[in-house]
Structure formats: structure tokens, C-alpha cells
Amino acid sequence: MDKKRKETKMDRRGFLTRTAAAAGAGAILAGGLNKSKAQTTQKSAGAGKLDDINVGIIGVGAQGQVLLNSCLKAGQSIPGLRFKAVCDIWKFNREKGVKTLNAYNKAKGFGDVAEFTDYKEMLSKQKELDLDALIVATPDWLHAEHAIAGMNAGLHVYCEKEMSNSLELAKQMVLTSRKTRKLLQIGHQRRSNPRYLHAINNIVLDSKLLGRVMQGYGQWNRAVSEDIGWPAKHALTAAELATSGYDTMSRFRNWRWYKTYGGGPIVDLGSHQIDIFSWIFKTNPVSVIASGGIDYYKAHEWYDNVMCIFEYKNAEGMARAFYQVQTTTRHGGFHEAFMGENGTLVISEVPRDGNWLEKEINAPDWNKWVKKGYLKEVSTKMAKTKTTNVMLDVRVSPAPPKWPLPIDLGALPHQPHLHNFFDAVRGNAKLNCPGEIGYETAVAVLAVNKAVETQKKIEFKPEEFEVHA
Ligand SMILES: NC(=O)c1ccc[n+]([C@@H]2O[C@H](COP(=O)([O-])OP(=O)(O)OC[C@H]3O[C@@H](n4cnc5c(N)ncnc54)[C@H](O)[C@@H]3O)[C@@H](O)[C@H]2O)c1
């Protein structure tokens with residue numbers, strides 16, 4: 001390497017180390033109206049040749065591909081990223097990842113991505129690869145191993161949810177992030193979604209349009225589906241499976257349903273939405289009760305349907321939130337609802353399932369919030385309903401009008417969270433979901449399985465949500 005290039009490399013590394021340390025792990029952006037917009041459009045303040053972030057990825061299955069696409073999609077890519085290494089034990093998926101990355105690298109004039117089956121080998125090549133950041137999109141049971149190794153190798157880590165299927169390992173992830181001073185972002189991407197930031201921070205928490213919110217609701221319902229398959233000619237051999245900790249190809253592909261590898265649908269899907277409950281109630285739950293069972297997919301180890309109720313105690317008093325995950329009906333799709341004395345927020349990652357507010361019949365007028373740009377005007381005939389008529393029998397009152405949220409997220413709902421991570425690596429943002437928040441969510445979500453198993457109410461102590469060495 002010539003002297004000039006070497007200096008540039010050292011400047012880049014020094015710049016990223018200093019700025020990421022300044023961004024710090026553990027704080028959340030407040031996300032006011034302007035801030036939430038700023039978050040998604042933020043450009044690198046360290047732009048120029050110093051802002052190339054060298055990235056590696058472990059796990060390029062379904063979600064790994066979504067994340068790559070969210071980073072690199074033509075015309076909408078996150079600026080300043082250079083993917084230099086990809087690791088996956090399964091050649092079939094690895095080749096897809098390599099293809100995506102090499103097409104991008106070619107267009108940018110970068111070299112081919114380095115390809116690995118063993119993450120340890122990838123990290124041992126750090127001198128040549130000069131990675132700054134690592135994306136971990138392997139199955140949940142491997143997150144801690146991969147994220148901790150990445151941070152110990154000097155990389156900032158974006159790790160998919162569920163942070164870990166073991167609380168002890170999740171704790172080790174947070175402690176490693178603190179010890180190494182490396183950023184650890186957990187993939188609860190709603191925390192960076194501008195629609196959620198606006199609806200929760202601006203409308204519910206700051207402006208209090210809903211009044212006191214006492215009830216939360218969330219669901220993720222899916223229709224009956226078969227186990228995930230694989231092309232027979234691309235199956236891993238028995239020896240390859242065994243080396244990687246899997247006993248059959250089916251368990252390797254359907255890891256979510258098995259206790260060694262994942263936490264079942266409640267953890268896989270519920271973690272995203274139960275995470276939102278504590279954001280909106282500004283506190284962690286005090287208890288959870290739950291019921292569920294292996295009632296349909298008899299060959300699986302995890303519950304295929306779960307219903308649970310969390311209780312929260314905040315400055316305004318008690319609040320409760322019901323959550324259900326169903327895998328034998330798609331009824332209602334996936335969304336969350338937060339019900340206050342003046343109205344309800346119905347929100348989802350997909351606008352079809354939720355992207356609006358419903359006003360209670362006697363709540364104060366919301367038109368001023370339309371003028372302020374917080375809500376869109378009600379477009380249906382319902383807007384003309386006399387909502388101040390106190391004589392109206394509420395038992396037969398018409399469905400409340402829907403006031404749409406003004407923010408459109410486009411086709412890349414994971415991108416703002418990745419953007420936030422890379423902005424934090426550059427020192428231009430605080431992480432929206434640092435390991436500490438991922439840990440709090442893991443404590444609440446993993447307890448649901450325990451509540452189903454024991455059929456007992458689980459009570460939480462505040463200190464259970466804290467990570468100490
Ligand atoms: N944030 C979200 O909305 C979201 C959505 C889907 C999945 N996820 C998460 O993403 C992660 C991956 O899920 P998925 O659906 O892509 O699963 P997947 O099975 O499709 O992909 C996992 C990939 O990891 C690879 N892998 C397994 N063991 C490995 C090892 N030891 N080293 C390297 N590679 C290994 C597999 O070969 C596969 O390519 C999970 O943690 C999941 O919970 C998050």
C-alpha cells in the first residue's frame with residue numbers, strides 16, 4: 001500500500017472510531033417531528049473519502065438478502081458503504097449474496113467481495129479486509145457468538161432480532177459492546193421507522209392526542225403454511241450440518257420452530273411489537289400471563305399460537321397490552337393499536353394493516369393537527385359525522401373516522417434502521433435500538449414462553465431489565 005493510501009486508511013479508521021465512540025451506545029434519539037424526518041434523510045457529515053464504511057455480513061438467508069437490498073438498492077442506496085466480506089455456511093445462499101454484492105461492487109468500481117464459510121476465518125482476515133462494521137443475520141441462537149466475535153475483532157455490529165434466545169448470552173452481548181466500545185444495534189427496525197417515530201413520539205407522547213393511553217394491542221397472524229424447503233441438489237451434507245450444529249436439513253431451514261435455535265413465533269414475530277409496548281408506555285412491564293400450545297403443527301417444538309397480556313405501571317397509572325401470534329389464520333394481518341381516552345393509533349409496517357388514528361366521539365377537535373402536518377385530513381364521509389353530539393347513543397355510534405398518518409415509508413422498511421446504525425458509526429446519530437433496549441425487549445418476550453409453559457403469572461422486577469457485569 002502506498003504511503004498516501006495508508007494515511008487515508010488510518011484517517012478513515014481513526015475518524016470512524018472517534019466519531020462512533022462519541023455517538024455512544026445506549027441512547028435513543030428523541031425523534032421530534034423534525035428529528036424523525038432528519039433521521040431518515042441524514043447524510044454523512046464526514047462525507048468525502050473518509051466516509052467509506054467497510055462492511056461484512058454473516059448470514060445471507062432471507063433476511064440477510066433483505067438487509068443487503070435495503071443498503072444497496074439501486075437509486076436508493078445508503079451512501080458510503082463498501083461490502084468487502086460475506087460469510088454463510090450454505091453455498092446456495094452464499095452465492096446469492098455474493099452475486100448481489102459483486103453486482104453492486106462492480107457498478108461502484110470496487111473489487112469482488114471476499115467469500116467465507118467460517119466466520120472465524122473471515123474475522124481472522126481483518127488486517128486485509130479492514131472491516132468497520134458487521135451485519136449479523138444468522139439464526140437467533142448464533143447471534144451472541146457472531147456479534148461478540150465481531151465486536152472483539154473491533155467491528156461495530158448490527159445484529160438481527162431476537163437479540164438471543166438466551167438472556168445470559170444477550171447480556172454478554174451488551175457487556176462486550178461496553179467493554180469494546182463498539183456499537184451494537186439490534187434489528188427492531190420499527191424503532192427507526194419514520195411512521196412509528198412520528199406517531200409515537202410526536203402524536204402520542206409529546207402532543208398527547210390520544211389522551212391517557214391505557215390499552216395496547218398487537219397481533220401477527222399468518223395463514224397455515226408448510227415448512228420451508230430447499231432444492232434437493234443444494235442440501236448440506238450430514239457432516240456439514242453436524243459441524244454447524246444442525247441434525248437435519250429441515251431443522252436447519254425451519255430453525256425458528258425448534259428450542260435450540262429460536263424462540264418460536266411469539267419470539268420471532270412478537271418481539272418486534274412487544275418492543276413497541278414499552279416504548280409507548282415509557283416503561284417495562286411489571287407482569288405477563290400467557291396461554292398457547294402446540295395445537296396444529298404437531299412436529300414442531302414451539303407453540304404455534306400464543307395469547308398474552310402484559311401489565312405496565314407508569315406515571316399515569318396502570319396500562320395493559322394484549323398480544324397474540326397465530327399461525328393458522330391471517331385474520332387482521334400484523335399491526336399494533338394503542339387506545340387512549342381520546343382516540344386510538346392503529347399502526348403497522350404495512351400501511352394496509354394500520355396507518356391511521358381513530359378519534360373518540362367526544363374528543364377535542366383534531367383539525368389543528370392536520371394544519372400542523374401531524375395528521376392527514378379525514379377523506380371519507382365519516383368526517384361529516386357530528387362527533388360532538390353527546391346525545392348520540394355510543395353503543396350504536398358509527399365507526400370512528402380514520403385520520404391517516406402523513407408519512408409514507410416506501411418499499412424499504414428496514415433501511416432507516418440500517419441508516420441509523422451507519423450514521424452512528426460515523427458519529428452523526430445515536431443508536432435507536434442499542435443492545436440495552438434489545439435486552440429489555442428480550443427479557444419481556446422470552447418470559448412469554450415461560451408463562452405459557454408454567455401457566456403462572458410472571459412478575460418482573462425493574463432490575464431484571466438492567467445489564468450489570
Ligand atoms: N427484522 C426483521 O423484520 C426480520 C425478519 C426476518 C428475519 N429476521 C431475523 O434475521 C435472522 C435470519 O433469519 P432468516 O429468515 O434470514 O433465516 P434464514 O434461515 O433464511 O437465513 C439464515 C442464514 O444463516 C446461515 N447460517 C446458519 N448458520 C450459520 C453459521 N454458523 N455461519 C454462517 N451462516 C450461517 C444460513 O445458511 C442461512 O443462509 C434471524 O435472527 C431472524 O430472526 C429479522
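What follows is a chat between a colleague and a modeller about this predicted model.

Colleague: How far can I trust it overall, and what is the mean pLDDT of the protein?

Modeller: Keep in mind that this is a predicted model. Of its residues, 85% reach a pLDDT of 70 or more. The mean pLDDT of the protein is 89.

Colleague: Where does pLDDT stay under 50?

Modeller: One stretch is residues 1–8, for which the model has two contacts beyond four places in sequence. Another stretch has 13 such contacts, and its pLDDT also stays under 50. That stretch is residues 382–394.

Colleague: Let's go to the ligand. Which helix gives the largest share of the shell around it?

Modeller: The shell holds 25 residues, and the closest are Gly59, Gly61, Gln63, Trp90 and Asn93. By class, 10 are nonpolar, nine polar and six charged. The largest share from one element is three residues, and these come from helix H3, residues 62–72.

Colleague: Why do the buried residues of H3 line one face of the helix?

Modeller: The buried ones are Gly64, Leu67, Leu68, Ser70 and Cys71. Looking down the axis of H3, they line one face because they fall within an arc of 160°. As background, an α-helix has 3.6 residues a turn, so residues three or four places apart point the same way. For H3, then, the value you want is that arc of 160°.

Colleague: And what covers the buried residues of H3?

Modeller: The cover includes two helices and some strands. Among the strands are E1 (53–58), E2 (81–87) and E4 (133–136). The helices include H4 (91–108) and H15 (415–425).

Colleague: Strand E4 has leucine 134 in it. Is leucine 134 buried or exposed?

Modeller: Leucine 134 touches Gly56, Ile58, Gly150, Leu155 and Val157, leaving aside residues up to four places away in sequence. Its C-alpha atom is separated by 6.1 Å from that of histidine 156, 22 residues apart along the chain. The cut-off for buried is 20 or more C-beta atoms within 10 Å. Leucine 134 has 28 such neighbours, so it counts as buried.

Colleague: Helix H9 caught my eye. How far apart are its end C-alpha atoms?

Modeller: H9 runs over residues 194–206, which makes 13 residues. A straight helix would reach 18 Å at 1.5 Å a residue. H9 falls short of that, with its end C-alpha atoms only 15 Å apart.

Colleague: How many residues of H9 are buried?

Modeller: H9 is mostly covered. Its buried residues include Arg195, His198, Asn201 and Asn202, along with Leu197 and Ile200. Out of 13 residues, the buried count is 11.

Colleague: Which residue with a positive phi follows H9?

Modeller: Look in the loop between H9 and strand E7 (213–221). The residue there has a phi of about 55° although it is not a glycine. With 12 C-beta neighbours inside 10 Å, it counts as exposed. It is lysine 208.

Colleague: Arginine 181 also has a positive phi. Does it count as buried, partly exposed or exposed?

Modeller: Arginine 181 lies in the loop between H8 and strand E6 (184–186), and its phi is about 55°. Most residues other than glycine have a negative phi. Because it has 14 C-beta neighbours inside 10 Å, arginine 181 counts as partly exposed.

Colleague: Last one: which two residues does a cis peptide bond join?

Modeller: Most peptide bonds are trans. Here omega is about -20°. One partner, glutamate 162, sits in the loop between strand E5 (156–159) and helix H8 (167–180). The pair is lysine 161 and glutamate 162.

Key
Residues are numbered from 1 along each chain as its sequence is written. This is a predicted model: local features need pLDDT of at least 70, side-chain atom pairs count only at pLDDT 80 or more; totals for chains, interfaces and linings use all residues. A residue is near a molecule or strand if its C-beta atom, placed from the backbone, lies within 6 Å of it. Helices (H or I, at least four residues) and strands (E, at least two) are DSSP runs, numbered from the N terminus. Ala, Val, Leu, Ile, Met, Phe, Trp, Tyr, Cys and Pro count as nonpolar, Asp, Glu, Lys and Arg as charged, and the others, Gly among them, as polar. pLDDT is the predictor's confidence in each residue, from 0 to 100. Two residues are in contact if their C-beta atoms, placed from the backbone, lie within 7 Å. The arc is that of the directions from the helix axis to the C-beta atoms. The expected span of a helix is 1.5 Å times one less than its number of residues.
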